[in-house]
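Me: I'm new to reading protein structures, and I'd like some help with this one. Could we go through it together, a feature at a time?

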Amino acid sequence: MEGENFRFFLPPGGSGICPVRNVLDRFGDKWSLLVLSTLYANGRLRFSAIHRTIGDISHRMLSVTLRSLETDGLVSREVFSEVPPRVEYCLTPKGESLMPHVNGLVGWALENMPGDCGAVIASGIIKQRDE
């Protein structure tokens, strides 16, 4: 692309911190959006229910992903003092506010990607819980 001017996305002041890169870095992994989408579609869930819904995620990876999403303030973890202990996860208001953007991305993918890749997951993501 010789002779073309390229623009790089940098915030004012050129600090080198790029919000787009931060978002892609945070949600570019294999599992975060699936976990968020599962909680959005189903509401409050226990660890085992999330694991069953996603299916091919290991227990360790699900645990790491949930911990990371909790640290980012997107998922809330509630521990009940029962025997055996019960732990439930749900989206926080911050996590809820992300989902319309995820739905937009999924809608675009369904319209523009070949075949039915992700259609089953997408139907759960796009579904409004209030229906």
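Me: Let me start with a single residue. Does His51 count as buried or exposed, and at what relative accessibility?

Reply: Happy to help! Keep in mind that this is a predicted model. A residue counts as buried when its relative accessible area is under 20%. His51 has a relative accessibility of 16%, so it counts as buried. His51 sits in helix H3.

Me: Which residues is His51 in contact with, leaving aside its neighbours within four places in sequence?

Reply: Those contacts are Ile57, Ser58, His59 and Leu62. His51 also has buried company within its own helix: Ala49, Ile50 and Ile54 of H3 are buried as well. Among the elements that cover the buried residues of H3 are H2, S1, helix H4 (59-71) and S3.

Me: Let me step back for a moment. How many helices and strands does the chain have, and in what order do they run?

Reply: There are six helices and three strands. Starting at the N terminus, the order is α-α-β-α-α-β-β-α-α. The chain has 131 residues, and 32% of them are buried. It exposes about 9,000 Å², with carbon and sulfur atoms supplying 58% of that area.

Me: How do I read the sheet? In what order do the three strands lie, and is the pairing parallel or antiparallel?

Reply: The general idea is that strands of a sheet pair through backbone hydrogen bonds, either parallel or antiparallel. Here the three strands make an open sheet in the order S1-S3-S2, with antiparallel pairing. Strand S1 (45-46) and strand S2 (75-80) are the edge strands, each pairing on one side only.

Me: How many bridges join the paired strands?

Reply: S2 and strand S3 (residues 86-91) are joined by six bridges. One example is Phe80, whose bridge partner in S3 is Arg86. The connection from S2 to S3 is a hairpin of five residues. On the other side, two bridges join S1 to S3. There, Leu45 stands opposite Tyr89 of S3.

Me: How many residues of S3 are buried, and which way do they point?

Reply: Six of the six residues of S3 are buried, so to speak of this strand as mostly covered is fair. Arg86, Glu88 and Cys90 point one way from S3, while Val87, Tyr89 and Leu91 point the other way.

Me: Now the helices, please. Why is H2 described as largely enclosed by the rest of the structure?

Reply: A useful general point comes before the case. An α-helix has 3.6 residues a turn, so residues three or four places apart point the same way. As for H2, eight of its 11 residues are buried, so this helix is largely enclosed by the rest of the structure. The buried ones are Ser32, Val35, Leu36, Ser37, Thr38, Leu39, Tyr40 and Ala41. Just after H2 comes Gly43, with a positive phi of about 75°. H3 is likewise followed by a glycine, Gly55, whose phi is positive and near 90°.

Me: At what angle do H2 and H3 pack, and how far apart are their axes?

Reply: Helix H2 (residues 32-42) and helix H3 (residues 47-54) pack at about 110°, and their axes are 10 Å apart. Angles from 65 to 115 degrees count as roughly perpendicular, and H2 and H3 are therefore roughly perpendicular to each other. On the H2 side, the residues that meet H3 are Leu34, Val35, Thr38, Leu39 and Asn42, and on the H3 side they are Ile50, Thr53 and Ile54. By class, this contact of H2 with H3 has five nonpolar, three polar and no charged residues.

Me: At what angle do the axes of H2 and H4 cross, and which residues make the contact?

Reply: The axes of H2 and H4 cross at roughly 75° and come within 10 Å. H2 and H4 are therefore roughly perpendicular to each other. Ser32, Val35 and Leu36 of H2 make the contact with Leu62, Thr65, Leu66 and Leu69 of H4. Sorted by class, the contact of H2 with H4 has five nonpolar, two polar and no charged residues.

Notes:
Residues are numbered from 1 along each chain as its sequence is written. This is a predicted model: local features need pLDDT of at least 70, side-chain atom pairs count only at pLDDT 80 or more; totals for chains, interfaces and linings use all residues. Side-chain values use heavy atoms; hydrogens and water are left out. Axes are lines fitted to C-alpha atoms, for helices over the stretch in contact, and angles run from 0 to 180 degrees between N-to-C directions. Helices (H or I, at least four residues) and strands (E, at least two) are DSSP runs, numbered from the N terminus. Angles under 35 degrees count as roughly parallel, over 145 as roughly antiparallel, 65 to 115 as roughly perpendicular and the rest as oblique. Contact means heavy atoms within 4.5 Å. Ala, Val, Leu, Ile, Met, Phe, Trp, Tyr, Cys and Pro count as nonpolar, Asp, Glu, Lys and Arg as charged, and the others, Gly among them, as polar. Buried means under 20% relative accessible area, exposed over 50%, partly exposed in between (1.4 Å probe, protein chains only). Accessible areas come from the Shrake-Rupley method with a 1.4 Å probe; for residues, only the protein chains shown count as cover. Two strands pair if DSSP finds at least two bridges between them.
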